[in-house]
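Reader: I am new to this structure and would like a close look at a single part of its surface. Could you take me through that part slowly, and then through what else can be said about side chains elsewhere?

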Amino acid sequence: CNSILARIGGDEFAAFVLSDDTEFQENTMQTIKEHANAFNTASDQPYYIELSLGIYKCLCNPDVPVTALLKKADALLYAQKLHRRESIKK
């Protein structure tokens, strides 16, 4: 297994992924956004599905606490939330 996905609470999840893809952050964000856009286009629901992502790249190091990594990813997530659409209604 090269990844772990866990629900932190509510609608927040954390994933730890081992990858040697130098473009992992960009590729992952693009793929998730494409899937969300495809869903929103095909869905007849009166709302959009919105996602905010915080992807923090780090090197494996046993001296770095997981909480520090989560805080950095969380800061990136909240920075993205500032750029969401004003309403989820279509």
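Author: In this predicted model, two elements, strand β1 (3-9) and helix α2 (66-81), each supply at least two residues of the nonpolar patch. The patch itself covers about 440 Å² of the surface, and the residues that make it are I4, I8, F16, V66 and L70. One of these, I8, lies in strand β1, and its relative accessibility is 53%, so I8 counts as exposed, because the word is kept for residues over 50%.

S43 offers a contrasting case to consider. This residue is placed in the loop between α1 (24-42) and α2, and with a relative accessible area of 15% S43 is buried, because that term applies to residues under 20%. From this position in the loop, the side chain of S43 reaches the backbone nitrogen of Q45 at a distance of 3.0 Å.

The aromatic rings can be looked at in two ways, by their pairing with one another and by the charges placed over them. For pairs of rings whose centres would have to lie within 6.5 Å, the count comes to zero. The ring of Y48, however, has charged side chains over it: the charged end of R85 sits over this ring at 3.8 Å from its centre, and the charged end of K90 also sits over the ring of Y48, in this case 5.7 Å from the centre.

Notes:
Residues are numbered from 1 along each chain as its sequence is written. This is a predicted model: local features need pLDDT of at least 70, side-chain atom pairs count only at pLDDT 80 or more; totals for chains, interfaces and linings use all residues. Side-chain values use heavy atoms; hydrogens and water are left out. Patches are made of residues with over 30% relative accessible area and no salt bridge: like charges are joined within 9 Å, nonpolar side chains (Val, Leu, Ile, Met, Phe, Trp, Tyr) within 5 Å. Accessible areas come from the Shrake-Rupley method with a 1.4 Å probe; for residues, only the protein chains shown count as cover. A salt bridge is a side-chain nitrogen of Lys or Arg within 4 Å of a carboxyl oxygen of Asp or Glu. Helices (H or I, at least four residues) and strands (E, at least two) are DSSP runs, numbered from the N terminus. Buried means under 20% relative accessible area, exposed over 50%, partly exposed in between (1.4 Å probe, protein chains only). A polar contact is a pair of N or O atoms within 3.5 Å; within protein, one must be able to donate a hydrogen and the other to accept it, and residues adjacent in sequence count only if both atoms are side-chain atoms. Rings of Phe, Tyr and Trp (its six-membered ring) pair if their centres lie within 6.5 Å; planes under 30 degrees apart count as stacked, over 60 as edge-to-face and the rest as tilted. A charge sits over a ring if NZ of Lys or CZ of Arg is within 6 Å of the ring centre and within 35 degrees of the ring normal.
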